[in-house]
Amino acid sequence: MNRQRMVVGISGASGFIYGVRLLQLLAELDIESHLIISRAALLTMAHETDYKLADVTALASHYHRADDVAAGIASGSFRCLGMVVAPCSMRTLAEIATGTSSGLIGRAADVTLKERRTLVLMARETPLTLAHLRNMTAVTEMGGIIAPPVPAFYARPQDLAQMVDHSLGRVLDLFGLDAGTALRWGEPNSPPAKHKTCGSELARDSGGSVSINAG
């Protein structure tokens with residue numbers, strides 16, 4: 001395997017743009033991406049963005065259907081850096097925590113854990129129930145990493161795009177990858193540039209609310 005590879009799962013939690021932007025950053029880093037989008041995530045995509053499925057799959061090196069449990073990434077013999085679920089719903093978290101996967105996202109995550117590779121779940125929910133917390137503990141005990149997309153206000157982000165980029169930059173740090181999007185405490189680097197790539201823009205309107213636009 002000459003080119004590094006990573007599995008990206010997008011589940012149905014709010015924050016579909018995290019998965020989209022992660023694919024863009026992996027492409028910039030020349031990482032081969034293997035994408036899975038859950039059925040619930042397609043609903044979130046329709047509510048939160050103007051993207052079509054073809055727009056998103058075009059950002060990935062390879063796209064696998066969520067029900068294709070015979071895909072190569074469902075096997076431990078598939079070598080890769082690991083997997084990120086961005087965002088990760090509480091249902092997907094529960095399936096991973098209990099090993100009861102009903103589709104390819106859960107199966108690929110299970111494979112990532114059993115092969116002792118890095119698994120990062122960008123869990124999106126608040127407030128958290130005891131069931132959520134126990135599932136997070138179970139995944140952590142198995143070697144996974146729970147990494148909610150929490151904004152770093154010391155970076156003084158100018159818009160939602162910079163918050164997204166910083167969170168994903170910190171996630172990629174966990175794989176030893178530097179996307180150049182995270183403002184690092186005590187280091188003299190500039191804040192991340194405003195994200196506007198692949199015809200997509202995160203924007204703030206004059207009333208202060210955030211919208212996601214796709215061209």
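At 27% relative accessibility, R107 is classed as partly exposed, and this arginine makes a convenient way into the structure, which is a predicted model. The side chain of R107 meets that of D110 in a salt bridge, with N and O 3.6 Å apart. Both residues belong to helix α5, where they are 3 residues apart and so separated by about one helical turn. D110 also counts as partly exposed, again at 27% relative accessibility. This salt bridge is one of 10 found in a search of the whole structure.

For orientation, the overall picture can be set out briefly. The protein has 215 residues, of which 49% count as buried. Its secondary structure comes to 7 helices and 9 strands. Among contacts with a separation of 6 or more, 75% are between residues 24 or more positions apart.

Another salt bridge is found in helix α4, between R91 and E95. Here the closest N and O atoms are 3.8 Å apart. How far apart are R91 and E95 along helix α4? They are 4 residues apart, which means a separation of about one helical turn. The two partners differ in their surroundings: R91 is exposed, because its relative accessibility of 63% is over 50%, whereas E95 is buried, because its value of 14% is under 20%.

R91 and E95 also lead to the largest pocket. Five residues lie nearest the centre of this pocket, namely S38, R39, R91, E95 and S102. The salt bridge between R91 and E95 thus joins two of the residues named there. The pocket holds about 410 Å³ of space, and its lining is made up of 16 residues. Which helices each supply at least two residues of that lining? They are α2 (39–48), α4 (90–98) and α5 (104–114). By character, the lining divides into 4 nonpolar, 8 polar and 4 charged residues.

S38, another of the residues nearest the pocket centre, deserves a closer look. Its place is in the loop between β2 (32–37) and α2. Is S38 buried or exposed? S38 has a relative accessible area of 14% and is therefore buried, the limit for that class being under 20%. Leaving aside residues up to four places away in sequence, S38 touches I10, S11, G12, A66 and I105.

Helix α5 contributes to the lining of the largest pocket and also to that of an enclosed space. Rolling a probe the size of a water molecule over the atoms shows where empty space is left. The structure holds 2 cavities of 30 Å³ or more, and the second largest has a volume of about 30 Å³. Its lining consists of V7, I73, F78, C80, A108, V111, T112 and R117. What is the largest share of this lining, and where does it come from? That share is 3 residues, and it comes from α5. The lining of the second largest cavity divides into 6 nonpolar residues, 1 polar residue and 1 charged residue.

Further along the chain, R184 forms a salt bridge with D178, and the closest N and O atoms are 3.3 Å apart. R184 counts as partly exposed, at 21% relative accessibility. Through salt bridges that share partners, R170, D173, D178 and R184 are joined into one network.

The aromatic side chains complete this account. A pair of aromatic rings is described by the distance of the centres and the angle of the planes. The count for the structure comes to 1 aromatic pair. This pair is formed by Y154 and W185, with 5.3 Å from centre to centre and 85 degrees between the planes. The arrangement is edge-to-face, because the angle is over 60 degrees. Where along the chain do Y154 and W185 lie? Y154 is in the loop between β6 (145–146) and α7 (160–173), while W185 is in the loop between α7 and β7 (196–197). With their positions 31 residues apart, the pair links distant parts of the chain. Y154 is partly exposed, with a relative accessible area of 39%, and W185 is exposed, with a relative accessible area of 70%.

Terms used: Residues are numbered from 1 along each chain as its sequence is written. This is a predicted model: local features need pLDDT of at least 70, side-chain atom pairs count only at pLDDT 80 or more; totals for chains, interfaces and linings use all residues. Side-chain values use heavy atoms; hydrogens and water are left out. On a 1 Å grid over the protein atoms alone, a cavity is a set of points where a 1.4 Å probe fits but cannot get out, and a pocket is an open set with protein on both sides within 12 Å along at least five of seven lines; lining residues have an atom within 4 Å of a point. Grid points are joined across faces, edges and corners, and a volume is the space filled by probe spheres set on the points. Ala, Val, Leu, Ile, Met, Phe, Trp, Tyr, Cys and Pro count as nonpolar, Asp, Glu, Lys and Arg as charged, and the others, Gly among them, as polar. Buried means under 20% relative accessible area, exposed over 50%, partly exposed in between (1.4 Å probe, protein chains only). Contact means heavy atoms within 4.5 Å. A salt bridge is a side-chain nitrogen of Lys or Arg within 4 Å of a carboxyl oxygen of Asp or Glu. Rings of Phe, Tyr and Trp (its six-membered ring) pair if their centres lie within 6.5 Å; planes under 30 degrees apart count as stacked, over 60 as edge-to-face and the rest as tilted.
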